[in-house]
Amino acid sequence: MPHRHIGDVRPSVVQLNYACQTSTVEWFYDDIEVGAMELTDTLFADRAEMIAYSQANDPYPIHLDAVAARAAGFDDVIASFGFTVSIYMRLMHRLDIVSFTRGAFGGAVAWDVTFGVAVRPGDAIRMRHTVLEKRLTSSGARGLVTSRNELLTQRDDVAVSIDAKWLVAVATS
């Protein structure tokens, strides 16, 4: 399946040939193709937002104080995992596959998380979503889809990779 990049155009990326690129499209399990890849546009990690999140939810010094972060080997504060997940969720909802399957989505059932590089203030973060596999559930009314969702920095380093399993309804005849 060719790659798709939303946002700035990259010459090495080919557009997918989906019939319609609007959120009025409705996809079901049958419409999802193993190997399909999509890239989102970019969100920037805002330092003030990172610190405010950490003050309220994850007050470790490396998330709040540049001196403590430098003592731990970082150049500045780093984002907490919770803040990173909030970026993940914002970017995930920008994916066509998520918009198109919204009505058929039956819930997430598992996340397998791998940490990569730290998210730093000013990082340009985008998501690469790749469908790894799919199979019907025993009832046949839903499918289980496994996708890899990677948050990439502007240097193409993986900040976090989440292999997600999610349920999607099968189209009725």
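Among contacts in the protein chain between residues at least 6 apart in sequence, what percentage join residues at least 24 apart? In this predicted model, the share is 69%, and the close-up views below include salt-bridge pairs that link parts distant in sequence, one of them 32 residues apart.

**Figure 1. Overview of the predicted chain, with its five helices and six strands.** Read from the N terminus, the elements follow the order β-β-α-α-α-α-α-β-β-β-β. The protein chain has 173 residues, of which 42% count as buried, and the area that the chain exposes is about 9000 Å², with carbon and sulfur atoms supplying 54% of it. A search of the whole structure for salt bridges returns nine, and some of these are taken up in the views that follow.

**Figure 2. Close-up of helix α1 and the residues on its buried side.** The buried residues of α1 are M50, I51 and S54. Viewed down the helix axis, the buried residues of α1 fall within an arc of 95 degrees, and they therefore line one face of the helix. The general geometry helps in reading this view: an α-helix has 3.6 residues a turn, so residues three or four places apart point the same way. The cover over the buried residues of α1 includes α2 (61-64) and α4. On the face of α1 that is turned away from the buried side, the exposed residues A48, Q55 and A56 are found.

**Figure 3. Close-up of the start of helix α1, with D46, R47 and A48.** At this end of α1, a side-chain oxygen of D46 comes to within 3.3 Å of the backbone nitrogen of A48. R47 forms a salt bridge with D76, in which the closest N and O atoms are 2.8 Å apart. Because R47 belongs to helix α1 (residues 47-57) whereas D76 sits in the loop between α3 (66-71) and α4 (81-92), the pair ties together parts that are 29 residues apart in sequence. With a relative accessible area of 34%, R47 is partly exposed.

**Figure 4. Close-up of the salt bridge between D123 and R155.** The side chains of these two residues, D123 and R155, meet at 3.8 Å, N to O. The pair links distant parts of the chain, since D123 lies in the loop between β3 (105-115) and β4 (124-136) and R155 in the loop between β5 (142-152) and β6 (158-169), 32 residues apart. D123 is buried, at a relative accessible area of 4%, whereas R155, at 43%, is partly exposed. D123 and R155 also belong, together with D157, to a network of salt bridges.

**Figure 5. Close-up of R126 and its salt bridge with D156.** R126 has its place in strand β4, and its relative accessibility of 8% is under the 20% cut-off, so R126 counts as buried. The side chains of R126 and D156 meet in a salt bridge with an N to O distance of 2.3 Å, and the contact between these two side chains is also a polar contact. Since R126 lies in strand β4 and D156 in the loop between β5 and β6, the pair ties together parts that are 30 residues apart in sequence. Unlike the buried R126, D156 is partly exposed, with a relative accessible area of 41%.

Notes. Residues numbered from 1 in each chain as written. Predicted model: local features only at pLDDT ≥ 70, side-chain atom pairs only at ≥ 80, totals over all residues. Heavy atoms only, no water. Salt bridge = Lys/Arg side-chain N within 4 Å of Asp/Glu carboxyl O. Helix = DSSP H or I, 4+ residues; strand = E, 2+ residues; numbered from the N terminus. Buried < 20%, exposed > 50% of the residue type's maximum accessible area, 1.4 Å probe, protein only. Contact = heavy atoms within 4.5 Å. Areas by Shrake-Rupley, 256 points an atom, 1.4 Å probe, with all protein chains shown as cover. Arc of directions from axis to C-beta. Polar contact = N/O pair within 3.5 Å; in protein donor to acceptor, adjacent residues only side chain to side chain.
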